[in-house]
Amino acid sequence: MTPLRWSSRLSRRELLQRGARVAGAGLLAPLWPTIAATGEIGRAYPDELLSIEAYTKGRIKTGDFITADNVEHVKDLLEPAKYHHVARMGRRLKVVPTTTDWMKLGPWEYLEATLRHQGQARFDDQGNVVTADGQPWIGGHPFPGSGDALELFAGLTLSWGRHDANLFAIRESNVAAGGNVDYRYDLVWAELSPVGRLVLEPRPYWTKHADKLRFNTVVYTAPESERGASYLNIWPYDQNEFPELYGYVPHFRRVRQFPTNQRFEPLVAGSALYLSDAWAAGDPLHTWGNYKVIGRQPLLAGVSGGWHPEHENWEHPVQGGPKNESFFDSVVEMVPETIICEAEPTGFTRAPVSKKRVWFDARNWMPVAMVTYDRQGLEFRSFDGCYSLYEKDEQRFMNGAHPYWSWAYVHAYEFQTGRITRLEQVRELSGGHKTSVNDESIYDKYLTHVALQRLGRV
């Protein structure tokens with residue numbers, strides 16, 4: 001495909017239309033070959049897609065805040081929820097420079113493996129991602145540079161956090177439509193991959209669990225009324241099967257098995273977040289269907305700068321909404337190209353949603369926004385946040401030899417009730433639960449039935 005050349009005579013509408021036609025190839029040079037050869041994203045796109053100042057002809061610059069006063073200049077660059085938050089709810093977005101160094105858009109080991117393993121993935125007869133010889137995937141994104149919706153969701157489902165193991169210490173605040181924070185929770189989110197391992201031994205597979213895709217636990221540690229409540233998901237590698245779902249119920253002081261397809265309900269009172277929402281791919285790949293690409297566009301999204309080491313526990317200031325507590329201080333940057341995909345919940349007869357729409361960053365194939373729609377096709381719920389390399393000036397939180405890369409904060413929003421859930425990754429929670437990465441002890445501490453019982457009785 002011959003790359004299109006940029007002309008300053010093109011309007012923004014023409015730019016978006018032409019961007020859609022080149023299908024992930026960049027506008028000045030093919031995107032993935034450029035990344036693979038140089039690691040530099042800027043060579044593939046014109047200034048108008050790398051600079052908010054160039055895009056808006058100087059109306060908004062890096063360092064400025066997008067507010068209700070100027071949001072109309074960038075309405076085409078915002079998904080529906082974020083636009084509504086700024087235009088109607090007082091949210092402010094600080095513009096930071098566009099990230100052009102590809103190795104800063106994910107964990108170093110994951111990105112390196114993506115380069116090393118490119119061209120080795122395929123789907124087997126059951127629709128699972130495997131290597132050329134039919135073995136489970138070996139790590140990194142299986143379909144780099146893809147413009148196919150199924151391949152994008154497959155890569156995301158294979159590895160949510162893009163590390164072998166993560167322990168996220170999380171503070172959750174739930175904000176009612178009137179602006180009051182009516183529920184606060186502390187929780188631990190743990191995930192570990194038995195396959196596609198890049199750091200933990202044995203690799204690439206933990207042999208005795210090579211038939212599983214992941215272990216995932218959610219444990220609530222505060223307030224006292226919820227302390228010890230926990231859920232353990234054990235995912236088969238076969239993406240046609242539902243995970244096994246277990247929970248520890250403090251009132252009964254025992255672990256019980258839950259119906260695994262009830263994934264569209266809040267885990268705790270007041271929350272606007274479902275298991276199905278995790279990483280915009282919280283369900284097995286083939287329990288959703290009709291995957292399709294519906295468009296491409298540049299987007300303002302949070303892909304860097306979200307870490308807040310200024311606070312000793314990494315907690316973020318808040319702003320916006322009726323009581324000035326609805327949103328975290330938010331940063332966005334020009335993402336030169338996103339791939340907009342849709343999918344429908346074909347494996348859930350009673351799902352309250354008819355489809356989800358996810359914006360994937362075309363550079364690293366991570367979701368930067370999601371909107372779900374109800375059975376009547378109306379906007380239902382949204383999911384937006386910010387990733388970050390945990391490095392700022394002289395401060396760093398390390399993952400081995402490299403700074404940690406992960407999500408920093410998330411907003412989940414209910415269009416029809418106005419409820420907001422704020423989640424932030426913090427350094428530590430009471431009880432000694434600390435954010436950590438690629439620590440093999442996460443399994444025994446958080447990801448077994450025995451661990452659920454122990455955590456529930458502390």
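This is a short talk on one predicted model, from the overall fold down to a few residues.

Let me start with the whole chain. It has eight helices and 26 strands. The radius of gyration is 21 Å, close to the 23 Å that the globule rule gives for 458 residues, so the chain is as compact as a globular protein of that length. Along the principal axes, the C-alpha trace spans about 70 × 55 × 50 Å. Of the 458 residues, 61% are buried. Now the contacts. Take those with a separation of 6 or more: residues 24 or more positions apart account for 62% of them.

Now go to S382. Which strand holds it? S382 lies in strand 17, residues 379-389. Is S382 buried or exposed? Its relative accessibility is 4%, and buried means under 20%, so S382 counts as buried. Leave aside residues up to four places away in sequence. S382 then touches A81, M370, V371, H411, A412, Y413 and F415.

Use that list as a map. Begin with A81. A81 is one of the buried residues of helix 4, along with K82, Y83, H85, V86, A87 and M89. Helix 4 covers residues 80-89, and seven of its 10 residues are buried, so the helix is largely enclosed by the rest of the structure. Just after helix 4 comes G90, with a positive phi of about 80°.

Next, M370 and V371, which S382 also touches. Strand 16 runs over residues 367-374. Hold on to that strand, because we return to the loop before it. Then H411, A412 and Y413, again contacts of S382. Strand 22 covers residues 405-414. How many of its residues are buried? The count is 10 of 10, so to speak of strand 22 as mostly covered is fair.

How do strand 17 and strand 22 pair? They run in the antiparallel sense, over nine bridges. Look at F383, next to S382 in the numbering. F383 stands opposite A412 in strand 22. As a general point, the side chains in a regular strand alternate between the two faces of the sheet.

Move one strand further. Strand 22 is joined to strand 23, residues 420-426, by five bridges, and the two run antiparallel. V410 has L423 in strand 23 as its bridge partner. Strand 22 and strand 23 form a hairpin with five residues between the strands. In that hairpin, G418 takes a positive phi near 80°.

On to the pockets. The largest pocket holds about 650 Å³ of space. It is lined by 26 residues, and the closest to its centre are V96, S304, G305, G306 and V331. Which strands contribute? Strand 14 (330-344), strand 17 and strand 18 (391-392) each supply at least two lining residues. Strand 14 gives the most, with three. So strand 17 appears here too, as well as in the pairing with strand 22. By class, the lining has eight nonpolar, 11 polar and seven charged residues.

The second largest pocket has a volume of about 230 Å³. Two stretches of sequence line it. One is N261, Q262, R263, F264 and E265; the other is G347, F348, T349, R350, A351 and P352. By class, that lining has four nonpolar, four polar and three charged residues.

Last, the backbone. Most residues other than glycine have a negative phi, and most peptide bonds are trans. Here are four places to check on the model.

Two are cis peptide bonds. The bond from R203 to P204 is cis, with omega near 5°. P204 sits in the loop between strand 6 (181-192) and strand 7 (212-222). The bond from A222 to P223 is also cis, with omega near 5°. P223 lies in the loop between strand 7 and strand 8 (230-236).

The other two are tryptophans. W314 has a positive phi, near 65°. It is found in the loop between strand 11 (289-301) and strand 12 (318-319). At 1% relative accessibility, W314 counts as buried. W365 has a positive phi as well, near 65°. W365 is in the loop between strand 15 (353-361) and strand 16. That is the loop I promised. W365 is buried too, with a relative accessible area of 1%.

To close, back to S382. It is buried, it lies in strand 17, and its contacts include A81 of helix 4 and A412 of strand 22.

Technical notes:
Heavy atoms only, no water. Helix = DSSP H or I, 4+ residues; strand = E, 2+ residues; numbered from the N terminus. Buried < 20%, exposed > 50% of the residue type's maximum accessible area, 1.4 Å probe, protein only. Contact = heavy atoms within 4.5 Å. Pairing = 2+ DSSP bridges. 1 Å grid on protein atoms, 1.4 Å probe; cavity = no way out; pocket = protein on both sides within 12 Å on 5 of 7 lines; lining within 4 Å. Points joined across faces, edges and corners; volume = space filled by probe spheres on them. Nonpolar A, V, L, I, M, F, W, Y, C, P; charged D, E, K, R; others polar. Rg over C-alpha atoms; globule rule 2.2 N^0.38 Å.
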